[in-house]
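Colleague: I've got a structure to look at and I'm new to this. Could you take me through it and tell me how you know what you say?

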Amino acid sequence: MSAQKTYAEINAKIKAGKAVVVTAEELIALVEEKGLSKAAREVDVVTTGTFSPMCSSGVFLNFGHPAPRIKMHRVWLNDVPAYTGIAAVDAYLGAAEVPENDPLNRHHPGEFRYGGGHVIQELVERKPIRLRATAYGTDCYPRRELNTTITLDDINEAILFNPRNAYQNYNCAVNLSSRTIYTYLGVLKPNLGNAHYSTAGQLSPLLKDPHFQTIGLGTRIFLGGGIGYVAWHGTQHFPAIQKDETGRELGPAGGTLAVIGDLKQMSARWLRGTSYLGYGATLSVGIGVPIPVLNESIARWAAAKDSDLYAPVVDYGEAYPNRIPGTLGYVSYAELKSGKITVLGKEVPTAPVSSYPLAREIAQILKSWIQEGKFLLTEPVQLLPSPADGLKPKVLG
Amino acid sequence: MAPKRIFLRFSADKSEQPIIYRLVKDYDLIINILKANVNPQKEGTMVLEITGDRYSEGLDYLRRQGVGVQPLIEGITRNEERCTMCGACTAICPTGALYIKRPEMEVYFKEDNCIVCQLCIKACPMRAMEVQF
C-alpha cells in the first residue's frame, strides 16, 4: 500500500469508521517505533492542537432591530465598546478592547481585568450582557438610544472571526534590563530572571505543516470547542524556515491563520477571557487542525519533535520594543520544556504561557470527532502562501 | 496582647541584614518565624507571628529599612475551573509552590510550599489564583 492518499479516500475511510487517526504526539511515537514510511502508510489523519491567548480575535454580532429601528453609531457590551462602522445593527467586538473607564496603565502595571475577550466568554456561557447603543437618528432608523440586555440566543448572529490566530512559532522572551517588565508573554523578571515561550511545540498546528501543503482556505478545524474554518492566511503571515548562521534548519516560524466559525456552537472551556498584567485584555482560543497524510513528506513534517523545533530567544527589555534586529540564539522546544535554558552563559528558568495539557486535549477531541465520523476533512479551495513565496514583513515609517 | 501575623518581602540587598535581631533587641518583640525563604543575593520572603507592646514601632522600623510589610492573609487557593494549566505562573512563583510536572507539562499548586507572596495573583492571565482572608 502506497503512502499516497487523496482527501476523498481519507473521507471514505472516516465515513466507514476505518480511518487511522493519531495525534501529533502519537505520530511521533509511531514513527520512532515503525519508521516513517510504515507510519505514513498506516496513518490517515494527524490531529494537532493549541490553546493560547490570541489577541487578534473577535466576533461579528448582528443584534436584530428593536422597534422603532436604530442605526447604531456607538455600541457597548458590558461597557466594552464594539466597532459599529458597518451596517445598522452589526458590530464587531474585539478581544483586546477594554472599557472606556479602564485605568489602563495609569497605575503601571494595569490589571486589565475585563475586556472584549471576557464578554465573548460570557456570551458563550449564555450570561446576560448589557447592550447600550447610541445613534444620530435617520428617517428609516429613527431611534437614538437603546439600553437592553441580551444573551447569545437572543441575537441573530454571532460569528467568531479572528484575523490572526494559531501563530506558527513565537519568540522565547527574556529580559536583560534591570527592572521587571510586563509583556504579552507575561511578567519577565530583570536580569534574565525567567524565560517565557508560547507554543505547544510538537502539537502546534502550523509547526506540523511548515510548507502549507494541506492547510488552506476552507480547511475545517476545531475552533473554540466547535467547528470552524480557515478563512484566509492570518495577518502578518510571513512563513519561513529558520536557519542558524551555519545554515542549519531550525524549524518553521512566521505563519498565521485567519479563522471563522459560528460562536453559538462554541464552548467557554475553549474561549476564555484573559488578562495580561501591564499589557491588556485578550481571549485565549483553542484551535485544532487535522492534517491529512496525503504522502510521506507530509507525515515527515507532521512528525517533527520538540527537539526539531526551535524558538528564537529575544530580549524584551530593550531589543524587541525598539525593533533592534537579532536574537540571543535559538533554543529547542525540548530544551524549553525541560524547565531551564542557558542564555548568555546563565541558566534561566523557563515557563510556557500556552497550555500544553489543553493543546493535548484538543488534539484528542479532534481525533475522536474524526474517528466517530462526525468530522470530515475538507480539501482547501486554495492553499496559503508558503515559505517558498518569500513574504516579508514591512517596517512602518 | 494577641500575636499578629505579617508577611515580609525583602529585596536582595536586604536579605543579609539582621532585621529580626533588631526587632527582638530594639523593640522587645516576641518573634515566631512561621515561614521563611531567605537566600543570599535573592529576594526573600518571611511570615512572622509577632507579640509585644511595641508592635507598631517594629513595623515602622521594617518599613524604614525598605522591607515590604503586609498583613498575612490566610492563604492562596487555585480556582481549578479557571486554571488552564498554561504555566505562566511557574517561573514567577519564588518557592516552586506552583510547578510543572514533566513531561506531561501539567501545572500543580503545592500549598505547603506557598509563602503567600501573592506574585501569582496578578501574574495569572486567567485570574485563577485567589486570596483567602
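Colleague: Which residue in β4(B) is the bridge partner of B:L8?

Modeller: It's B:V69. One thing before we go on: this is a predicted model. B:L8 and B:V69 belong to a longer match, as 4 bridges join strand β1 (residues 4-10) of chain B to β4(B).

Colleague: What makes β1(B) and β4(B) a pair?

Modeller: Two strands pair if there are at least two bridges between them. β1(B) and β4(B) have 4 bridges, so they count as paired. The two strands run antiparallel.

Colleague: Where do β1(B) and β4(B) sit in the sheet order?

Modeller: The sheet is an open one of 4 strands, ordered β2-β3-β1-β4 in chain B, with antiparallel pairing. From one strand to the next, the twist averages 25 degrees.

Colleague: Why are β2 and β4 of chain B said to stand at the edges?

Modeller: Because β2 (30-37) and β4 (68-71) of chain B each have a single partner strand, one side of each is left without a neighbour in the sheet.

Colleague: What lies across β1, β3 and β4 of chain B?

Modeller: That's α2(B), which runs at about 140 degrees to β4(B). α2(B) also packs with another helix: α1 (residues 19-27) and α2 (residues 55-64) of chain B meet at an angle of about 145 degrees, and their axes are 10 Å apart. The crossing of α1(B) past α2(B) is right-handed.

Colleague: Which residues of α1(B) and α2(B) meet?

Modeller: On the α1(B) side they are B:I19, B:R22, B:L23 and B:Y27, and on the α2(B) side B:E57, B:G58, B:Y61 and B:L62. By class, that contact has 5 nonpolar, 1 polar and 2 charged residues.

Colleague: What makes B:G58 the polar one?

Modeller: Gly is counted among the polar residues, and B:G58 is part of this contact. So B:G58 goes in the polar class.

Colleague: OK, zooming out. How many helices and strands does chain B have?

Modeller: Chain B comes to 3 helices and 8 strands. Reading from the N terminus, the elements go β-α-β-β-α-β-β-β-β-α-β. Its C-alpha atoms fill a box of roughly 50 × 30 × 20 Å along the principal axes, and 34% of its 133 residues count as buried.

Colleague: Which domains does the assignment give for chain B?

Modeller: The assignment lists domain 1 (4-71) and domain 2 (75-132). Their centres, taken over C-alpha atoms, are 25 Å apart. The two domains do touch, through 7 residues from domain 1 and 5 residues from domain 2 of chain B. On the domain 1 side, β1, β2 and β3 of chain B each give two or more residues. That side divides into 2 nonpolar, 2 polar and 3 charged residues.

Colleague: How many residues does each chain give to the contact of chain B with chain A?

Modeller: 18 residues come from chain B and 26 residues from chain A. The chain B side has 10 nonpolar, 3 polar and 5 charged residues.

Colleague: Over to chain A, then. Why is α4(A) called mostly covered?

Modeller: A residue is buried if 20 or more other C-beta atoms lie within 10 Å of its own. In helix α4 (residues 116-124) of chain A, 8 of the 9 residues are buried, so it's called mostly covered. Among them are A:G116, A:H118, A:I120 and A:V124. After α4(A) comes A:R126, which has a positive phi, near 65 degrees.

Colleague: What is the pairing in the sheet β1-β2-β23 of chain A?

Modeller: It's mixed, in an open sheet of 3 strands. β1(A) and strand β2 (residues 45-47) of chain A run parallel, joined by 3 bridges. In that pair, A:T23 stands opposite A:T47. The edge strands are β1 (21-23) and β23 (290-292) of chain A, each pairing on one side only. Helix α2 (residues 24-34) of chain A lies across β1 and β2 of chain A, at about 100 degrees to β1(A).

Colleague: And what do β26(A) and β27(A) form?

Modeller: A hairpin, with 2 residues between the strands. In its turn, A:L344 has a positive phi of about 50 degrees. The strands β26 (residues 340-343) and β27 (residues 346-352) of chain A run antiparallel and are joined by 4 bridges; one of the matches is A:K340 with A:P349.

Notes: Residues numbered from 1 in each chain as written. Chains lettered and ligands numbered in written order. Predicted model: local features only at pLDDT ≥ 70, side-chain atom pairs only at ≥ 80, totals over all residues. Axes fitted to C-alpha atoms, helices over the stretch in contact; angles between N-to-C directions. Left-handed = near helix turned anticlockwise from the far one by under 90°. Domains from an automatic or database assignment. Buried ≥ 20, exposed ≤ 12 C-beta atoms within 10 Å, placed from the backbone.
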